[in-house]
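Got your viewer open and ready? Let's take a walk through this model, one selection at a time.

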Amino acid sequence: MRSVLIGLFLLMMCSCKREKLPPIDDNVDLDGNRIQDSSLINPSGFLLSVAIPNPSSSYLNKKVVITAHGFSATNFEWQEFTSWAKAKPDLILSRVLLGGHGRDYIDFQKATWQDWQQPIIDEYNKLMSMGYTNISLIGSSTGCALILEMLSEHRINTTALRNVFLIDPIIVPSNKILPLAPVIGGWAIEYVTTDLTTAENGYWYKYRPHEALKQLDKLTRRVRKQMEKGIELPSGIALTVFKSEKDDAADPISAALISKGIKGSVVNIIQSDIHVFTRLKGRSAFTIDDIKRQTDAFQMIYDQL
Amino acid sequence: MKSKTRIYLMCVLSCLFLKNSAQGDTSIIINGGVIMNKMLGFYWLNGITAEMSSQRVFKGKLDLGLNVYTSSAGSAFLSNAIPVHAFEVYGQKRFRGQKKLNPLVCINLGFAKAFYGNTIFDRLPQSAFLLAPEFGLGYKIASKVNARLSLNYNVFSGNGVEGGGFIYPICLRFKLLFQLKG
């Protein structure tokens with residue numbers, strides 16, 4: 001009797017039809033095949049290496065900041081910093097779109113964390129080979145984990161690197177079920193749906209395939225272990241962390257892991273409950289204090305360059 | 001008093017309490033040994049464990065025990081991982097007591113504290129209450145040696161907004177116990 005019941009249960013499990021593809025609305029969702037990140041259509045509006053292929057010496061003396069956005073996001077995440085930086089004549093931003101991002105669901109599903117990382121390395125290498133000598137990297141959320149991994153594995157020549165800024169880095173996810181993604185992904189879940197505001201729609205992936213969650217889990221585990229071993233920053237490079245004290249995506253303990261793993265790093269705990277507090281545009285609600293925290297952080301970053 | 005000292009003082013007091021309770025009790029059985037915990041997706045935390053059963057306590061049908069474990073003897077040993085110290089008391093029911101293989105259910109109650117090593121993190125949660133049901137299997141390797149493998153679920157894990165971020169919900173646990181008395 002028992003074996004019959006087990007057999008019936010297994011049959012039931014197998015016969016359960018799971019939807020492999022989410023209900024993407026091509027007209028609204030970034031996950032569809034009509035909307036994509038603007039940097040794919042107009043790279044010169046985002047990447048310094050494309051915008052100015054032959055920089056003059058006056059350009060080469062400027063302070064360059066390469067931005068890297070977070071998991072499932074796009075360059076939209078750094079739009080406010082770009083607008084803020086326009087008033088600073090000695091500062092130029094180069095906004096990198098992570099690999100597998102800003103395209104469609106299938107591209108996101110196929111990409112590995114190495115694919116996400118490669119465009120940051122490529123842009124840094126191009127700018128350095130062009131002759132820029134004052135380059136800084138700034139990441140938000142997963143962008144931070146990718147930058148830390150790069151530094152730990154010496155994936156770039158850091159001669160031109162001056163500063164690293166990490167906004168709400170994720171090493172320990174707030175959702176502690178993420179480590180289960182490799183176990184339950186593919187049979188119990190195919191994708192996770194995220195609530196986006198109307199203004200965020202089209203700039204973030206709404207549906208996060210289990211393959212991408214597995215990659216995020218792999219990356220965060222890897223960086224955690226790198227922090228446990230420790231990273232020695234080359235002299236002349238400053239690393240500054242800004243971490244919201246309450247964060248439903250990147251556990252604030254992530255900042256403590258970086259502080260332990262990278263001697264000399266500076267941590268600023270921000271009295272905010274917003275994940276990536278430097279991006280307010282598109283959020284359903286934020287306060288005057290949130291705006292102040294955002295602009296204060298921009299100013300602190302600029303002052304340090 | 002430092003939190004670390006408090007945790008270990010609680011452990012010593014619990015041992016003394018067990019020792020006093022055990023005086024004059026001939027039916028008492030005491031097991032002691034090592035405990036290894038792997039939080040799924042996070043640290044190894046290792047330490048020591050002890051448990052007792054007696055005819056005077058629930059007619060010998062329930063084991064009472066304590067676990068003391070730390071990442072300093074696991075992931076944080078000679079590394080930059082965050083030291084986490086934990087203390088638990090537990091009640092445990094083993095089934096098929098006379099057989100080699102014993103299924104077991106257990107409820108753990110305790111306290112854990114992390115040491116971030118910098119006052120800048122004082123505003124973050126640094127301690128956590130532990131409440132964890134546990135399910136597993138025990139195996140009698142020899143007449144006085146038992147191995148246990150179990151899965152426990154921390155009810156109060158951190159979610160970035162509340163609770164200690166160093167507590168993950170799912171934890172794989174291994175114990176090797178030697179019969180010390182009885």
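Start on chain B and select strand 6, residues 127-142: this strand gives the largest share of a nonpolar patch, 3 residues. Keep in mind as you look around that the model is a predicted one.

To see the whole patch, pick B:Leu101, B:Leu137, B:Tyr139 and B:Ile141, which together make a nonpolar surface patch of about 350 Å². If you want one residue to center on, try B:Leu137, which sits in strand 6 of chain B.

Next, show both chains and color them separately. How many residues of chain A are in contact with chain B? There are 30 of them, and they meet 28 residues of chain B. The size of an interface is often given as the accessible area lost when the parts come together. Here chains A and B bury about 2400 Å² between them, with 63% of that on carbon and sulfur atoms. Now select A:Lys176, A:Glu228 and A:Lys260: these three supply 27% of the area that chain A buries against chain B, more than any other three residues.

Time to zoom in on a single pair. Choose A:Glu245 and B:Arg123, and you'll find a salt bridge whose closest N and O atoms are 2.6 Å apart. The count of salt bridges between chain A and chain B is 1. For polar contacts between chain A and chain B, the count is 9 residue pairs, with both residues at pLDDT 80 or more.

Which elements should you highlight on chain A's side? Helix 10 (210-229), helix 11 (253-261) and strand 8 (266-270) each give two or more residues to the side that touches chain B. Helix 11 of chain A brings the largest share, 7 residues. Color that side of chain A by class and you get 13 nonpolar, 5 polar and 12 charged residues.

For the last stop, go to helix 12 of chain A, residues 288-304, where A:Arg293 and A:Asp290 lie 3 residues apart, about one turn of the helix. Show their side chains: they meet in a salt bridge, 3.0 Å from N to O. Over all chains, the count comes to 18 salt bridges.

Notes:
Residues are numbered from 1 along each chain as its sequence is written. Chains are lettered from A and ligands numbered from 1 in the order in which they are written. This is a predicted model: local features need pLDDT of at least 70, side-chain atom pairs count only at pLDDT 80 or more; totals for chains, interfaces and linings use all residues. Side-chain values use heavy atoms; hydrogens and water are left out. Contact means heavy atoms within 4.5 Å. Buried area is the accessible area (1.4 Å probe) that two parts lose on being put together, summed over both. A salt bridge is a side-chain nitrogen of Lys or Arg within 4 Å of a carboxyl oxygen of Asp or Glu. A polar contact is a pair of N or O atoms within 3.5 Å; within protein, one must be able to donate a hydrogen and the other to accept it, and residues adjacent in sequence count only if both atoms are side-chain atoms. Helices (H or I, at least four residues) and strands (E, at least two) are DSSP runs, numbered from the N terminus. Ala, Val, Leu, Ile, Met, Phe, Trp, Tyr, Cys and Pro count as nonpolar, Asp, Glu, Lys and Arg as charged, and the others, Gly among them, as polar. Patches are made of residues with over 30% relative accessible area and no salt bridge: like charges are joined within 9 Å, nonpolar side chains (Val, Leu, Ile, Met, Phe, Trp, Tyr) within 5 Å. Accessible areas come from the Shrake-Rupley method with a 1.4 Å probe; for residues, only the protein chains shown count as cover.
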